[in-house]
Amino acid sequence: MPAVTARGDLAARLPAEEGAPPVRWRVSEGLVAYPDALAEMDRLAAAIAEGTEPETVWLLEHPPLYTAGTSARPEDLVEPDRFPVYQAGRGGQFTYHGPGQRIAYVMLDLRRRTPDVRRYVAALEEWLIATLWSFHIRGERREDRVGVWVRRPDKPGEAEDKIAAIGIRVRRWVTLHGIALNVEPDLSHFGGIVPCGVREHGVTSLVDLGLPLDMADADLALRQNFEAIFGPTVAA
């Protein structure tokens with residue numbers, strides 16, 4: 001089996017340079033339309049690159065929709081009329097967003113940290129792994145596919161499901177897009193696509209794994225573990 005990491009590894013920390021201001025931590029209530037979110041993310045990223053806005057993590061939920069990354073294959077859109085489909089402008093393939101899934105758009109200036117995209121993706125993985133471990137869930141990375149996975153001994157064979165997705169873009173060394181953690185989405189909605197182009201494995205969520213958690217629980221763990229890897233935050 002490919003190499004894995006079971007828990008967050010603080011050797012993968014990506015703190016800002018000394019004296020940098022804390023990352024702004026922003027949470028939106030309700031559902032945010034995808035085009036509106038992209039426009040706001042682009043605005044913020046441009047301002048961060050110019051030094052007129054602080055680095056920002058924006059937590060939100062979207063209405064049900066599919067997004068296509070730059071590597072999306074048409075045949076992986078199984079039900080094109082099920083939900084709206086958007087070109088995301090990030091790396092990766094097709095993914096689903098919807099209520100019960102915590103999206104974190106992460107806008108960090110890698111010039112203030114380490115201008116290394118691979119290390120940044122590894123830090124996002126470690127953030128998710130550490131967050132899952134807060135609930136005693138063993139999240140793992142795979143060398144041959146992006147995201148965070150959990151083994152499912154309750155299913156036949158060596159089954160594993162994806163619990164969190166990662167898709168990024170970097171512009172002027174400022175990061176865009178970010179992560180999607182399945183808290184309590186309708187997992188049947190993933191059936192309209194081949195999620196991230198992976199046909200042989202399924203998807204799961206915190207609630208599907210038997211944890212009676214809500215979005216506030218997930219948000220608290222996300223923030224605590226973000227700070228351990230990327231540095232301090234301040235509420236928007």
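**Exercise 1. Is Trp-127 buried or exposed?**

Solution. The model is a predicted one.
Step 1. Take the relative accessibility of Trp-127, which is 0%.
Step 2. Compare this value with the cut-off: a residue is buried when its relative accessible area is under 20%.
Step 3. Trp-127 therefore counts as buried, at 0% relative accessibility.

**Exercise 2. Classify the aromatic pair formed by Trp-127 and Phe-230, and locate its two members in the chain**.

Solution.
Step 1. Consider the distance: the rings of Trp-127 and Phe-230 lie 6.2 Å apart, centre to centre. Rings pair if their centres lie within 6.5 Å.
Step 2. Consider the angle: the planes of the two rings stand at 80°. Planes over 60 degrees apart count as edge-to-face, and the pair of Trp-127 and Phe-230 is edge-to-face.
Step 3. Locate the partners: Trp-127 belongs to helix α2, and Phe-230 to helix α3 (residues 215-230). With their positions 103 residues apart, the pair links distant parts of the chain.
Step 4. Examine the burial of the partner: Phe-230 has 1% relative accessibility and so counts as buried.
Step 5. Place the pair in its setting: Trp-127 and Phe-230 belong to a cluster linked by ring pairs, together with Trp-25, Tyr-120 and Phe-226.

**Exercise 3. Why is the pair of Tyr-66 and Phe-83 edge-to-face?**

Solution.
Step 1. Begin with the whole structure, in which a search finds 11 aromatic pairs.
Step 2. Turn to Tyr-66 and Phe-83: their ring centres are 5.5 Å apart and their planes make an angle of 65°, so the pair is edge-to-face.
Step 3. Locate the residues: Tyr-66 is in strand β3 (residues 65-68), whereas Phe-83 is in the loop between β3 and β4 (85-87). The two are 17 residues apart, and the pair links distant parts of the chain.
Step 4. Assess burial: Tyr-66 is buried, with a relative accessible area of 0%. Phe-83 counts as buried too, at 17% relative accessibility.

**Exercise 4. Describe helix α1 and the residue just after it**.

Solution.
Step 1. Establish the extent: α1 covers residues 34-50, which is 17 residues.
Step 2. Compare spans: from its first C-alpha to its last, α1 reaches 24 Å, close to the 24 Å expected at 1.5 Å a residue.
Step 3. Identify buried positions in α1; among them are Tyr-34, Leu-38, Met-41, Leu-44, Ala-45 and Ile-48.
Step 4. Recall a general rule for reading such a list: an α-helix has 3.6 residues a turn, so residues three or four places apart point the same way.
Step 5. Look beyond the helix: Gly-51, just after α1, has a positive phi of about 85°.

**Exercise 5. Describe the two largest pockets and what lines them**.

Solution.
Step 1. State the volumes: about 530 Å³ for the largest pocket and about 210 Å³ for the second largest.
Step 2. Examine the lining of the largest pocket, which has 32 residues. Gly-91, Gly-92, Val-146, Ile-166 and Gly-167 lie nearest its centre.
Step 3. Find the main contributor: β9 gives the most to this lining, with five residues.
Step 4. Sort the lining of the largest pocket by class: 14 residues are nonpolar, 12 polar and six charged.
Step 5. Repeat for the second largest pocket, whose lining residues include Arg-118, Glu-125, Arg-141, Arg-145 and Val-146. Helix α2 supplies the largest share, four residues.
Step 6. Sort this second lining by class: three nonpolar, no polar and six charged residues.
Step 7. Follow Arg-145 further: its charged end sits over the ring of Trp-149, 4.4 Å from the ring centre.

**Exercise 6. How many cavities of 30 Å³ or more does a search of the whole structure find, and what lines them?**

Solution.
Step 1. Count: the search finds two such cavities.
Step 2. Describe the largest cavity, which holds about 70 Å³ of space. Its lining has 12 residues, and nearest its centre are Thr-95, Lys-162, Ala-165, Asn-182 and Phe-190.
Step 3. Sort that lining by class: eight nonpolar, three polar and one charged.
Step 4. Describe the second largest cavity, with about 30 Å³ of space. Trp-149, Lys-162, Pro-195, Val-198, His-201, Gly-202 and Val-203 line it.
Step 5. Sort the lining of the second largest cavity: four residues are nonpolar, two polar and one charged.

Note on methods
Residues numbered from 1 in each chain as written. Predicted model: local features only at pLDDT ≥ 70, side-chain atom pairs only at ≥ 80, totals over all residues. Heavy atoms only, no water. Expected span 1.5 Å × (residues − 1). Buried < 20%, exposed > 50% of the residue type's maximum accessible area, 1.4 Å probe, protein only. 1 Å grid on protein atoms, 1.4 Å probe; cavity = no way out; pocket = protein on both sides within 12 Å on 5 of 7 lines; lining within 4 Å. Nonpolar A, V, L, I, M, F, W, Y, C, P; charged D, E, K, R; others polar. Points joined across faces, edges and corners; volume = space filled by probe spheres on them. Phe/Tyr/Trp six-rings, centres within 6.5 Å; stacked < 30°, edge-to-face > 60°. Lys NZ or Arg CZ within 6 Å of the ring centre and 35° of its normal.
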